[in-house]
Amino acid sequence: MSRTARTVLVALALLLVVALAGCGGAVGPTDTSAPAATETGTGTGTETGADGIVEVHFINVGQSVSTLVVGPTGETMLVDTGHYNDDGAYVLTYLERRGIDRIDHLVVSHNDADHIGGNAAIIDYYEREAAGIGAVYDPGIAASTQTYGRYLDAVEEHGVTLYETREGDEIRFEGVDVAVLGPPDPYLEDGARNENSIVLKLTHGETSVLLTGDAEDDQEAYLVDRYGDRLRATVLKAGHHGSSSSSSGAFLDAVRPNAVVVSSAYDSRYGHPTEAVLERFADRSLPTYWTATHGDIVLVSDGRGVTVRTQAAVPTDPLDLRDADDVEPGNQSVLADRARFEGGEGTVLTAAPTVTDGGTPTGRLVVAEINPDPDSPDREHLDDEYVVFENADDEPLDLSGWTVEDEAGRTYTFPDGYVLAAGGTVTLRTGTGTDTDAELYWGSGSAIWNNDGDTVIVHNSDGDPVLRETYP
């Protein structure tokens, strides 16, 4: 189908959406209007009950953005897919490494090429080689780019349901209240794409995350006027990659986030995040996480608070962000817990940009290798199941009294006086043997690490979480 024909088709579909707006009933596979929100699905209240864990992954994709949400039941949402210059490669690699075999909801914040760059490749991959795409949600404003054309071609080729999505619509996501706060009807600024981004507020218990696409001053002003204090969120994803046209003082004062996440390149030719925005964050003492220096950033909500995990342990003071080295997109180093924020008023419960023990600076512990599969199920080869830890710093690390746990709560404690040299590694084997400087033995009579996936959890001697690595 030609681009002209596709444009006509989309225009006709959007006219049909307008005609159908307000109609009740279930949404069928050929409907193009997203379901309207119900009274219990507004996402701007203060729900307190929550079951399970919700993860929000900000993938390091350079001068772009892609956000993966995984709900308590494994349901998934992907918001944006990275830049057109890598065709979604960073995003696909990230999803595959985490065993994501289906995208239940693919949300397009707006149709700029740096947000839909991987749409076609991801739709094609999941429809041909995995368990598919549930539906696509789009603000309905076209773009005259080849990237946009390929995206529509992929939707049409695979027959994926595409909803035009506007303020008040609902994306049904088990265990997470997803409220669509933008774009409004009618559109702002005669349909300018940035100012009509899909804005989502994700609420899980007492915690929430606000995703604003590339919303700029006009859409932010609209949101403040329309929702006021209901914009309050535990974490804010800064609009437009940290551009000075977004994250206004009035908007920040309405959201009152505990922390901010910025997604942009280390050497952004646009200067993102701009000094003006970083100063606004600093004026409000907002810890700021930047994909360019922190790498992949994962928020983990248990409904009561949010734990922040990053690849790199670097400053979060907004004015010190550029003092850290960059983390290249696609870097596969492990993530570790860095801070935790309450869901209600946002008091910092635990902040750990670097690991300390007893007030003495120590190294940084990372998982270098996991081998969860012993050679034999007869318990004779449990030493072939192991985890390798590395001190990824230039200072020795005193591990006395530190603990290692799996998801089932089985615990190993490092012996008193055990110090891991700077840059050194130690292999923790499941079975029995004689401890040495390079090898330690759990002493378990059965396997610890599940072959199909598990989580390595490490606490220091004070019981503070310092490392959490999930595989596969």
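Is Trp290 buried or exposed? Select Trp290 in your viewer and start there: this residue is buried, with a relative accessible area of 0%. Keep in mind along the way that this is a predicted model.

**Stop 1: the partner of Trp290**

Now add Tyr266 to the selection. A search of the whole structure finds 9 aromatic pairs, and one of them is Tyr266 with Trp290, stacked at 5.8 Å centre to centre with 15° between the planes. The two residues are 24 apart and link distant parts of the chain: Tyr266 sits in the loop between strand E11 (259-262) and helix H7 (275-283), while Trp290 belongs to strand E12 (residues 288-290). Unlike buried Trp290, Tyr266 is partly exposed, with a relative accessible area of 33%.

**Stop 2: helix H7**

Next, select H7 and show the side chains of Val277, Leu278 and Phe281, which are buried. Look down the helix axis: these residues are on the same side of H7, because they cover an arc of only 100° around the axis. Then bring in the surroundings, where the buried residues of H7 pack against helix H6 (249-255), E11 and E12. Just after the helix, click on Ser285, whose phi is positive, near 55°.

**Stop 3: an aromatic cluster**

Move on to Phe389, Tyr412, Phe414, Tyr418, Trp442 and Trp449, and display them together: they form one aromatic cluster.

**Stop 4: arginines over rings**

Finish with two arginines. Select Arg98 and Tyr94 to find Arg98 over the face of the tyrosine, at 3.5 Å from the ring centre. Then pick Arg429, which lies over the face of Tyr386 at 5.1 Å from the ring centre.

Terms used. Residues numbered from 1 in each chain as written. Predicted model: local features only at pLDDT ≥ 70, side-chain atom pairs only at ≥ 80, totals over all residues. Heavy atoms only, no water. Phe/Tyr/Trp six-rings, centres within 6.5 Å; stacked < 30°, edge-to-face > 60°. Helix = DSSP H or I, 4+ residues; strand = E, 2+ residues; numbered from the N terminus. Buried < 20%, exposed > 50% of the residue type's maximum accessible area, 1.4 Å probe, protein only. Lys NZ or Arg CZ within 6 Å of the ring centre and 35° of its normal. Arc of directions from axis to C-beta. Contact = heavy atoms within 4.5 Å.
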